[in-house]
Amino acid sequence: MNNIEIYPIPAFNDNYIWIMRQGDTAAVVDPGQAAPVLRELESKGLTLKAILITHHHDDHTGGVRALVDKYGADVYGPAFESRPIPALSHELKEGDRVQIKGIDTELQVLEVPGHTLGHIAYTGTINAQQPVLFCGDTLFSCGCGRIFEGDSRLMLQSIDKFINLPQNTSIYCAHEYTLSNIDWALQVEPANQALLAWQRRARELRAQDLPTLPTTIAEERATNPFMRVREQSVIAAAESYAGTTLDGPAAVFGTLREWKNHS
């Protein structure tokens with residue numbers, strides 16, 4: 001039996017449209033553009049069976065209608081977004097499961113509001129043992145999404161759902177933001193040796209025009225300030241930036257997000 005492959009299709013300036021394929025069957029996550037997906041499908045002789053959407057922003061949904069028109073693919077997406085998802089055929093909420101015909105995996109839905117109020121993520125296991133997470137714009141390597149529709153409390157609750165996933169979970173983020181995120185994270189924790197090592201590896205990857213993703217939960221717990229809001233070094237840095245004592249993890253998270261917004 002063919003193994004499941006997951007790899008990125010670059011789009012726009014820094015988006016990744018993740019494609020999951022097994023044999024000649026494919027699914028894509030957050031196709032903001034149709035053209036690069038169509039080229040990939042046609043060049044590999046793949047049939048698109050499913051489109052997985054994490055949230056309503058155009059750079060994640062702009063290619064949906066053209067792909068549905070050509071392939072008749074099912075469209076899975078959040079049930080509670082503030083704007084409609086194009087051609088949505090399966091409205092999803094926390095705990096729902098997605099089974100794609102022709103791909104041997106079942107994905108579970110997590111509600112992860114913050115970037116948008118209806119944002120969802122998909123998690124499951126491929127090839128019998130490898131856990132995976134498609135997190136859209138909720139989490140990035142050494143960063144997180146901007147908080148457009150939620151608040152820091154909601155965003156922290158969403159990130160905390162990821163912290164509790166298996167540590168070897170492969171994280172498929174939707175943007176190549178790693179190097180700039182590391183530069184900021186080193187302002188928060190300049191002595192973090194895991195972060196410094198990741199900076200060296202990430203620079204090498206980008207110098208070869210290779211993606212820095214997927215990362216893992218274990219790696220993010222060691223390097224990502226937004227996953228480290230309960231660490232004393234991160235608390236101290238956030239309080240220094242804020243110029244005051246911060247009352248709990250959500251306040252630390254909110255201060256970090258404000259800091260990142262202005263970095």
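1. Across the interface of domain 1 and domain 2, 14 residue pairs are in polar contact, counting pairs with both residues at pLDDT 80 or more. The structure is a predicted model, and the points below should be read with that in mind.

2. Which elements of domain 1 supply this interface? Strand 2 (15-22), strand 11 (139-140), strand 12 (143-144), helix 4 (152-163) and strand 13 (170-173) each provide at least two residues of the side of domain 1 that touches domain 2. Helix 4 gives the most to that side, with eight residues. By residue class, the side of domain 1 that touches domain 2 consists of 17 nonpolar, eight polar and four charged residues.

3. The domain assignment of the protein places domain 1 at residues 4-172 and domain 2 at residues 177-262. The centres of domain 1 and domain 2, taken over C-alpha atoms, are separated by 24 Å.

4. The extent of the interface can be stated in two ways. In terms of residues, 29 of domain 1 are in contact with 31 of domain 2. In terms of area, domain 1 and domain 2 bury about 2,500 Å² between them, and 66% of this lies on carbon and sulfur atoms.

5. How many salt bridges are counted between domain 1 and domain 2? The count is one salt bridge. The side chains of Arg 230 and Asp 160 meet in a salt bridge, with 2.8 Å from N to O.

6. Turning to the whole chain, the secondary structure of the protein amounts to nine helices and 14 strands. The protein is as compact as a globular protein of its length, because its radius of gyration is 18 Å, close to the 18 Å that the globule rule gives for 263 residues. Along the principal axes, the C-alpha atoms of the protein fill a box of roughly 55 × 40 × 35 Å.

7. Two local features of the backbone deserve a student's attention. As background, most peptide bonds are trans, and most residues other than glycine have a negative phi. Leu 213 and Pro 214 are joined by a cis peptide bond, with omega about 5 degrees. Pro 214 lies in the loop between helix 6 (193-207) and strand 14 (215-216).

8. The second feature concerns Phe 12. Although Phe 12 is not a glycine, this residue has a positive phi of about 50 degrees. Where is Phe 12 placed? Phe 12 sits in the loop between strand 1 (5-11) and strand 2. Strand 2 is also one of the elements that supply at least two residues to the side of domain 1 that touches domain 2.

Conventions: Residues numbered from 1 in each chain as written. Predicted model: local features only at pLDDT ≥ 70, side-chain atom pairs only at ≥ 80, totals over all residues. Heavy atoms only, no water. Domains from an automatic or database assignment. Contact = heavy atoms within 4.5 Å. Buried area = accessible area lost by both parts, 1.4 Å probe. Salt bridge = Lys/Arg side-chain N within 4 Å of Asp/Glu carboxyl O. Polar contact = N/O pair within 3.5 Å; in protein donor to acceptor, adjacent residues only side chain to side chain. Helix = DSSP H or I, 4+ residues; strand = E, 2+ residues; numbered from the N terminus. Nonpolar A, V, L, I, M, F, W, Y, C, P; charged D, E, K, R; others polar. Rg over C-alpha atoms; globule rule 2.2 N^0.38 Å.
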